[in-house]
Amino acid sequence: MANYSVLDNARKQYNPKLPECLSKDISAVGFEEVNSGAQNPESDKLKEILPKTFGGKYVKFVQKTAKSGTKPFSVGIVLSGGQAPGGHNVIAGIFDSLKKINKDSKLIGFLGGPQGILDDKIMEITKEIIDNYRNTGGFDLIGSGRTKIETDEQFEKSLQVCKSRKLDALVVIGGDDSNTNAALLAEFFAAKNENIAVIGVPKTIDGDLKTDLIEASFGFDTAAKTFSELIGNVERDSKSAKKYWHFIKLMGRSASHIALECALQTQPNCTIISEEVKAKNQSLESIINDITKIVMDRGNNKENFGVALIPEGLIEFIPEIGALIKEINKLLGDNEQHFSTLKEFEQQSEWLIKNLSQTASKVFSSLPKLIREQLLMDRDPHGNVQVSRIETEKLIVAMVDTKLKELKESGQYKGKFDSLTHFFGYEGRCAFPSNFDADYCYSLGYCATVLIALGLTGYMTSITGLSKPVSQWVPGGVPISLLMNLEERKGKMKPVIKKALVELDGVPFKTFAKNRDEWAKNTSFIYPGAIQYFGPDEVCNQPTITLTLEKGK
């Protein structure tokens, strides 16, 4: 049988669009320094940590007089963290732009993420190879991984591998943690007086790597549209069958950008925004009461169906559970060796209850056993609870069901509650990139090459004007240090890129908040359908609603 679908083959023929100044002779692209106006209150401390690379300015690319005889570059790339649609197009953009600068330029990929750098496992990217991956989803060309390069030995090993491969630059394609790693690698290389540039590319479907200069992380557009298609399908089924409430948890480790965008695209009956929960200091009981009222009011109106969206990271934003998780993380981090000897959940639970504060112990004991077990599962690489494995949607369903039974006994609820739960996450991380992400990622790859050619390091690729046609996009680069603040990690203050959460005073959230009561009461579902790649602009080439609202379009 054929290894590729009809759509797979068709997408490989798509030629991504480029911003005007990148579509010409890129060896002639220069830059202008622009004062971004951003003031970092921790500048002095960050400068002490990053003395060689801190203090650069945002740069905007401009077309200048054509150059001649540009030297070939040897560049390494690494995919870091979770998958996001469009990663292969970043690689294709780097490959094509390197070859445009000089046909003898070379691109190698480190296999399996940052660990591939430490193990010196590579593959050379050739035209024959990259042509099979253009405009496709996934990270399967070179693979990804979550290894953190953080010890002196790891930094030194990374430098030696890059030197032995005679690299002019290393491009790190990843999210906030991965680009923090890129900034630290750039600083280490510069401190060693090594002329090896390190460039970051903003990737995450969560959408939490975002500033005025990084208008979107790649993959968010495709993932949100893929999830919205699935939600629309569930909504249509819900409206057709008229007998189920669907509770859908959506990927988004910390921020609720995915949930908000999907709500704007599909208009479900209920959407929880974690950032609002935290701002209002809402308890779990308060959230349950809000959802229960929506279900009850619809049921009493003989509409015993609906759809509710729940962000993956919600549980950490609920004050009493967030405080509990924080205590558990610290307790297990401080007693890692002892805790590892407790093999049975009952032993772990008993030890934890004894050592938690009285308040946290009470909260832990009140949770269903399934949730308590999930809070004690294997930790993530930072030693924290793996929030994505906590089935918050099932916790909410169980508590709403209990509340509705009480209301039915008292005669306040006359409806019927049958529920189904879903988790949409992995379904969207490796989807065929939308035309927006295909174009955006390809342009980001070009940006990375230009930053390298201009001799810059410690920068992240930046493209602004994303709500406009591609030809009008403004490519450039922003110093990663401009995006950083200091946070406590394992007892020490370390520079990290601050996550961008949903802004409650922003237009996207205000638009949602203005309409949600109507969506709760009346069935107002919208069915976006599948991502379209061929056809008119309004069908194929529109950015997310979030981006459109943010830019006032």
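1. A good place to start is strand S9, residues 270-271, which pairs with S10 in the parallel sense over two bridges. Cys270 is the residue that stands opposite Ala308 in S10. Do keep in mind while browsing that this is a predicted model.

2. S10 has another partner to look at. Strand S8 (residues 245-250) runs parallel to S10, and six bridges join the two. Here Phe247 stands opposite Ala308, so if you click on Ala308 in S10, look for Phe247 and for Cys270.

3. Is S10 enclosed or open to the outside? Six of the six residues of this strand, 306-311, are buried, so S10 is largely enclosed by the rest of the structure. Gly306, Ala308 and Ile310 point one way, while Val307, Leu309 and Pro311 point the other way, and all are buried.

4. Now for some helices. Two packed helices are described by the angle between their axes and the distance between the axes. For helix H3 (residues 87-101) and helix H20 (residues 435-453), the angle is about 45° and the axes lie 7 Å apart. H3 and H20 are therefore oblique to each other, and their crossing is right-handed.

5. Which residues of H3 meet H20? On the H3 side you'll find Asn89, Val90, Ala92, Gly93, Ile94, Asp96, Ser97, Leu98, Lys100 and Ile101. They meet Ala438, Cys441, Tyr442, Gly445, Tyr446, Ala448, Thr449 and Ala453 in H20. By class, this contact has eleven nonpolar, five polar and two charged residues.

6. Helix H13 (residues 319-334) and helix H15 (residues 345-355) make another pair, packing at an angle of about 105° with their axes 11 Å apart. That angle makes H13 roughly perpendicular to H15. Ile328, Leu331 and Leu332 in H13 meet Trp351, Leu352 and Asn355 in H15. The residues of this contact divide into five nonpolar, one polar and no charged.

7. Last stop: Leu456, in the loop between H20 and strand S12 (459-464). Is Leu456 buried or exposed? Its relative accessible area is 13%, and buried means under 20%, so Leu456 counts as buried.

8. What does Leu456 touch, leaving aside its neighbours within four places in sequence? Leu456 is in contact with Val59, Ala197, Ile199 and Leu451. Val59 is worth finding on the sequence: Leu456 and Val59 are 397 residues apart along the chain, yet their C-alpha atoms are separated by 10.0 Å.

How values were computed:
Residues numbered from 1 in each chain as written. Predicted model: local features only at pLDDT ≥ 70, side-chain atom pairs only at ≥ 80, totals over all residues. Heavy atoms only, no water. Buried < 20%, exposed > 50% of the residue type's maximum accessible area, 1.4 Å probe, protein only. Helix = DSSP H or I, 4+ residues; strand = E, 2+ residues; numbered from the N terminus. Pairing = 2+ DSSP bridges. Axes fitted to C-alpha atoms, helices over the stretch in contact; angles between N-to-C directions. Parallel < 35°, antiparallel > 145°, perpendicular 65-115°, else oblique. Left-handed = near helix turned anticlockwise from the far one by under 90°. Contact = heavy atoms within 4.5 Å. Nonpolar A, V, L, I, M, F, W, Y, C, P; charged D, E, K, R; others polar.
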